[in-house]
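Please open the model in your viewer and keep the sequence panel beside it, so that each selection can be made by residue number. The tour goes from stop to stop, and at each one it says what to select and what is there.

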Amino acid sequence: MSKVRNIGIKFVYGLMSIFLFTILVNAIFFVSKIRKVYEVKPIALIASVAFVYIFIQFLLLPVLKKYSTPFNVVCWILIILCQLFLSCTYQGAGGIDDFDIRMQIASFLNGHGVLAPYFIYAANNIPITLIFTVVAKISGLIGVKNTTLLLNVFQCVLIDLAILAVTFILKKENKRSTVSYLLLIFLLYSTISIFGVNIYTDVTSTCFAVYGAFFFYAYLKNDKNYLLVLSGILEAFAYLAKMNLIIMSISIVLILAISEYKILKKMKILLVFTLSFALIVGMYHFGVNKLQEQSYTSEQITELGFPYTYWISMGLNAQTYGENSFPGVNLYGEGAQQKTLPNRKRYYSAKIKSQIKQEGVKGLAKLYIGKVNVMYSQGELGSIERSFGISKNMEGIYQYIAGKQSYGYAFYSQVIYIFILITALSYSIKQVLSKSVTQIGYFEIIAVFFIGIFLFHILMWEVMPRYAFVAMFALLPISAVGGINDPLPNAFRKKGITFVAGIICLILLLAQFPIINKVMTQPKSRLNNKIVLSQNFPNGSLVPLNIPKNKTIKENIIINSEFRSINLTSWVGGKMINENPNLQLRVYKINGGDKHYIANDNTLKQAGTYMLEIKNISDKKAQIAVGHTYPVDLLQNHIKKYPNYYLSFNVTK
């Protein structure tokens, strides 16, 4: 059995090495080649990674090993300060999906205990909505009105606890300095913490999966059944929050299958883990089915529901390389035209068969290569494209992460991303080349999980850059072990030429300054006009509001920075409201109890309170599409005399 185990583990690490190398090639030479979000010159990346490698491995590593405890304290302080800063200053929602979740939370908190129609299509987002509702409820109980701040802190705490859990494993299995190395990577790879302040399913689900794997590892070391039960429960939460994280549970079961336990012990472990997992999943579905019955009619489900084959069809679409949309292609729109759920099932099942037949082996191989590039070539994992559709303030740090100045962050993230891939690949190759790898534990679970996530998305499912977060977060401890055990620094140090590394490091550092602005083209998605405040409602939350003839509607807004113009984004009869001759927008500056008309031109205006007034100047009623939701902390004041109704607009500079 030990021979079979050795072969199995070497196969896992061999496959992992191939996948990591493929990702590494894309991250260096073909950054965003398919999506064309930005371009980076490979020579600049190689020089920058060389600088980071030499600085960390040759100069910082001896300090890290000698002073690991104070180093860890400093790292944690910097990490927490960074996360608090982001939690306070980076607050918003993207629009579709994440703002739909926010609106549902507001609905629950106001005693409206039914689900919005959005969750017929996106039932997979119900679990995370329920979790965030609990957090928002606690926010209200403790008197914190800024729910977004508490949600940001909640996700950052989840990330920190996951990292903390992994540090216990590293202390047990490796040198204490490996923990320091992990914290250093975590600190440098700021993308992880930035994901913490993007409120959606990625962070919470991934952290639950890591917790579950940690408790399974703890069970392997201590043989306590309650640890196994906790593992099953947490993996169930991870799966419910994000379906693809069932792969972590599968990884645990596969590693259990090749463990040294006897067959009866394996069956007992599997039974306890599975029952714990199934109990939570069963309880959830029982409760949610009741909630769905209260919320929807069978006709609504038939009209709005989408089958899982929709996402498989998307994953096999050669035009979009596995994404939902591409210029000229809208896969969701295709399905929506089928009108009913049974029709959509038939449509997508037929489409999957025709796609496979049409592409053939060569076409599928090209598709899979392209999907790797889409999902894994961007080191910032798509965070620069997660622009806010709803936010009270988009100045400051936002502009450097998802705004006009984000290319610097993207380049920096790419360099650290490549460094993490190199050290993880180093560990993986070392495991393949070692004489015997029979001991199994947390790293083997993570290796199988990484392979599973890679194959699941590349071979059959939708891909997006942010989907790589689950793989990269799990990969951090493997990168830390690979980096701390790097043989090159010791070899050079023994030959007494460490100072050479310092000189090379200095040269590479100085070389960055004259080329940094020339190595990367600015992301295509950056707008000519900088948005400093946004209240753009997704189409699904817009409803018609009638304005009687010669009457007005008004909404007060607070603008926290200088700006130039206010642009209404509501649609009326297929036209933007600005283009409707029957509706007139006037902007007033509010000073105390007085208001002063301000021309809505392109001149620079001061921060302050403003009133938007829309008047129907025709002799018949006019209609305007407005947002409809219970109050959300990210929104401005509601339209006067119309509670829960909000204008859709943005403010630009």
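What follows is a walk through a predicted model, taken region by region.

**Helix H3 and its surface patch**

Begin by selecting helix H3, which spans residues 68–89 and contains leucine 78. Then show the side chains of Val73, Val74, Ile77, Leu78, Ile80, Leu81 and Leu84, which form a nonpolar patch on the surface and together have about 600 Å² of accessible area. Within this patch, leucine 78 has a relative accessible area of 42%, and is therefore classed as partly exposed.

**Two loop residues with positive phi**

Most residues other than glycine have a negative phi. The next two selections depart from that pattern. Go to the loop between helix H1 (2–29) and helix H2 (42–66), where lysine 36 lies; although lysine 36 is not a glycine, its phi is positive, at about 55°. Is lysine 36 buried or exposed? Because its relative accessibility is 52%, lysine 36 counts as exposed.

Move next to the loop between helix H15 (309–315) and strand E1 (325–326), and select tyrosine 321 there. Tyrosine 321 likewise is a residue other than glycine with a positive phi, in this case near 50°, but its relative accessibility is 17%, so tyrosine 321 counts as buried.

**The nonpolar cores**

Now turn to the interior and select Tyr376 and Phe473, the residues with the most contacts inside the largest nonpolar core, which has 172 residues. Centre the view on phenylalanine 473 and display what surrounds its position: apart from neighbours within four places in sequence, phenylalanine 473 is in contact with Ile159, Ala162, Ile163, Ile192, Thr206, Cys207 and Val210. A second core, separate from this one, has 22 residues, and Leu545, Phe563, Val587 and Val651 are among them.

**The three-stranded sheet**

Keep Leu545 selected and bring its surroundings into view. Three strands make up an open sheet here, in the order E5-E13-E14, and their pairing is antiparallel. At the edges are strand E5 (542–547) and strand E14 (645–646), each of which pairs on one side only. Strands E5 and E13 run antiparallel and are joined by six bridges; to see one of the paired positions, select leucine 545, which stands opposite isoleucine 624 in E13. On the other pairing, two bridges join strand E13 (residues 622–628) to E14, again with the strands antiparallel, and histidine 628 has tyrosine 645 in E14 as its bridge partner. If E13 is coloured by accessibility, the strand will appear mostly covered, since five of its seven residues are buried.

**The four-stranded sheet**

For the last stop, select strands E3, E4, E15 and E7, which form an open sheet in the order E3-E4-E15-E7 with antiparallel pairing. Which strands stand at the edges? They are strand E3 (390–391) and strand E7 (565–568); each has a single partner strand, so one side of each is left without a neighbour in the sheet. E3 is joined by two bridges to strand E4 (residues 531–535), with the two running antiparallel, and a final selection of serine 391 shows this residue opposite serine 534 in E4.

Key: Residues numbered from 1 in each chain as written. Predicted model: local features only at pLDDT ≥ 70, side-chain atom pairs only at ≥ 80, totals over all residues. Heavy atoms only, no water. Patch = residues over 30% accessible without salt bridge, like charges linked within 9 Å, V, L, I, M, F, W, Y side chains within 5 Å. Areas by Shrake-Rupley, 256 points an atom, 1.4 Å probe, with all protein chains shown as cover. Salt bridge = Lys/Arg side-chain N within 4 Å of Asp/Glu carboxyl O. Buried < 20%, exposed > 50% of the residue type's maximum accessible area, 1.4 Å probe, protein only. Pairing = 2+ DSSP bridges. Core = buried A, V, L, I, M, F, W, Y, C linked by side-chain atoms within 4.5 Å. Contact = heavy atoms within 4.5 Å.
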